[in-house]
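Me: I would like a close look at one loop residue and at how its surroundings fit into the rest of the fold. Could you take me through it in one connected account?

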Amino acid sequence: MFPIRDHNPSHRTPFVTYALIAANIVMYLATLPGSQSGQMLWVQLALYPLAISYGDMLWGLLSHMFLHAGLMHIVGNMLFLWIFGDNLEDQMGHLGFLVFYLACGLAAAGGQILSDPLSSVPMVGASGAIAGVMGGYLLLFPKARIDILIIIVIIFRIFTVPAWTMLGLWFGMQLFGGFTSVGGQGGVAYWAHAGGFIAGVILAVPLFLRRGGPGFWQRTHGHPPHAEATYAPSRIPRVRR
């Protein structure tokens, strides 16, 4: 299950979202496995909880947000940033959104470090910062419609669900993964995701209050405060063997 688009158009060009996507792609290409220098750069810029705990390699707190462990890793992260980032940038402004994004990434790193401060396993990826974007999105637009693609073996189906359903389920999965993983095994930084998401909700509260707090929800019924986008019915067929 993963989102493919939302029905929440933005009213300004999301330059920062585009720039973040571009920066992640450039860094991914610069650190491809086939390049020895690229791999050395990847190793130097990753985040190591053990090193951070001893005050070493502190640049990893920021640089890890622009590294990825593989093609599917970066594609998935950039898809989420593309869907949710423009709306937060629309509400926060370009500079405000950039500060928000980086702060969520730092909070995500902190969550992962606190979960296992002596771990020497490198942490990379923009998913913690993007989780913060998702948390802020949930606070502002809990009933925005999101199209999700569900794949079960060879069955492909698109469903439209409110944001709180998709994002709440995603957050619950991170908590479940964090509590059930043993010693950080599995290659997923669940506590970074959870920490970033919680930070995103908290950091979006001032904006939410400026918009009127619960009154904002009452006026919009949890939907975006503008007309939602509509799309033609999906042409993805339901395939059965």
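Reply: If neighbours within four places in sequence are left aside, proline 142 is in contact (heavy atoms within 4.5 Å) with Tyr137, Pro162, Ala163, Trp164, Trp217 and Gly222. The model is predicted, so that local features are taken only at pLDDT of at least 70 and side-chain atom pairs only at pLDDT 80 or more, whereas totals for chains, interfaces and linings use all residues. Residues are numbered from 1 along each chain as its sequence is written, and side-chain values use heavy atoms, with hydrogens and water left out.

Proline 142 sits in the loop that joins α7 to β2 (145-152); helices here are DSSP runs of H or I with at least four residues, strands are runs of E with at least two, and both are numbered from the N terminus. With a relative accessible area of 13%, proline 142 is buried, a word that means under 20%, with over 50% being exposed and the range in between partly exposed, for a 1.4 Å probe and protein chains only. Glycine 200 lies 58 residues from proline 142 along the chain, and their C-alpha atoms are separated by 14 Å.

The helix on one side of this loop, α7 (residues 127-140), packs against α6 (residues 94-115): their axes come within 7 Å and cross at roughly 120°. These axes are lines fitted to C-alpha atoms over the stretch in contact, and the angle, from 0 to 180 degrees, is taken between N-to-C directions. The crossing makes α6 oblique to α7, since angles under 35 degrees count as roughly parallel, over 145 as roughly antiparallel, 65 to 115 as roughly perpendicular and the rest as oblique. On the α6 side the contact is made by Phe97, Phe100, Tyr101, Cys104, Gly105 and Ala108, and on the α7 side by Gly128, Ala129, Ile130, Gly132, Val133 and Gly136. By class, this contact has eight nonpolar residues, four polar ones and no charged ones, where Ala, Val, Leu, Ile, Met, Phe, Trp, Tyr, Cys and Pro are nonpolar, Asp, Glu, Lys and Arg are charged, and the others, Gly among them, are polar.

The loop between α6 and α7 holds serine 119, which counts as buried at 14% relative accessibility. Apart from its neighbours within four places in sequence, serine 119 touches Tyr48, Pro49 and Leu50. Of the helices, α3 covers residues 49-53, and the loop between α3 and α4 (60-63) includes methionine 57. Methionine 57 is also buried, at 17% relative accessible area, and its phi is near 50°, a positive value in a residue other than glycine.

A second helix pair can be set beside the one described above. Helix α1 (residues 15-30) packs with helix α5 (residues 71-92) at an angle of about 170°, with the axes 8 Å apart, and the two are therefore roughly antiparallel. Among the residues that meet here are Phe15, Leu20 and Tyr28 of α1 and Ile74, Trp82 and Glu89 of α5; by class, the contact comprises twelve nonpolar, three polar and two charged residues.

For the protein as a whole, there are ten helices and three strands, and from the N terminus on they run β-α-α-α-α-α-α-α-β-β-α-α-α. The C-alpha atoms fill a box of roughly 50 × 50 × 35 Å along the principal axes, and buried residues make up 46% of the 241 residues. Of the contacts with a separation of 6 or more, 76% are between residues 24 or more positions apart.
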